[in-house]
Amino acid sequence: MEDNYLKKPTFILRLSGEYFQSEIGCLGEQLVQILACIQHETSNFTWFAFDVFGSSNQPSEVLFPKPYSEILSTDELIKKAEEIVQFHSGVFIGIRKGKKIGWDSNILPETEESEGLQHPEAELEIRPFDTSYFEVYGMDINIENKIKSCFM
């Protein structure tokens, strides 16, 4: 995806294992913690998952089918994340319900992309990065403050 498709976020946070009392990063339970922290603020989001790969209790392709999966609520995304032991890659994009979303199959979001939100309607994007840390990009300062209050 080219940089001109990226929307400049209001905030960028990087959450590594130290924020979760663990030396290991990108665990499924850590994504669950992030989502649980902002569950109220994202209750009107539909989530889209791309490029998800990880070790899990069932194949990650079953939980997050390719080329992408639409996840109707934060609760549903939490349930899916609970099945992942550790993410190696992934892009989780939160968009307010009711927005018209079209995905161009030639330029789907990828984990190792430049910094920024990979859809013009995106409010939040969470990327587990190389088993090291989660990158969180967002447009809502209230979500940033909530994450900071939970982890920093």
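The legends below describe views of a predicted model of one protein chain.

**View 1. Overall fold of the protein chain, with four helices and six strands.** Starting at the N terminus, the elements follow the order β-α-β-α-β-α-β-β-β-α. The C-alpha trace spans about 35 × 35 × 25 Å along its principal axes. The radius of gyration is 14 Å, which agrees with the value near 15 Å for a compact globule with 152 residues. Buried residues make up 49% of the 152 in the chain.

**View 2. Helix α1, residues 28-37, in its surroundings.** Seven of the 10 residues of α1 are buried, so the helix is largely enclosed by the rest of the structure. The buried residues are Gly28, Gln30, Leu31, Val32, Ile34, Leu35 and Cys37. Buried here stands for under 20% relative accessible area.

**View 3. A patch of negative charge on the surface.** Four residues gather in this patch: Asp51, Glu110, Glu112 and Asp130. Among them, Glu110 is the subject of the next view.

**View 4. Glu110 in the loop between β4 and β5.** Strand β4 covers residues 84-96 and strand β5 covers residues 122-129, with Glu110 in the loop that lies between them. The relative accessibility of Glu110 is 40%, so this residue counts as partly exposed. The partly exposed class lies between the limits of under 20% for buried and over 50% for exposed. Glu110 also belongs to the negative patch of View 3, together with Asp51, Glu112 and Asp130.

Note on methods:
Residues numbered from 1 in each chain as written. Predicted model: local features only at pLDDT ≥ 70, side-chain atom pairs only at ≥ 80, totals over all residues. Heavy atoms only, no water. Patch = residues over 30% accessible without salt bridge, like charges linked within 9 Å, V, L, I, M, F, W, Y side chains within 5 Å. Areas by Shrake-Rupley, 256 points an atom, 1.4 Å probe, with all protein chains shown as cover. Salt bridge = Lys/Arg side-chain N within 4 Å of Asp/Glu carboxyl O. Lys, Arg positive; Asp, Glu negative; His and termini not counted. Charge placed at Lys NZ, Arg CZ, Asp CG, Glu CD. Helix = DSSP H or I, 4+ residues; strand = E, 2+ residues; numbered from the N terminus. Buried < 20%, exposed > 50% of the residue type's maximum accessible area, 1.4 Å probe, protein only. Rg over C-alpha atoms; globule rule 2.2 N^0.38 Å.
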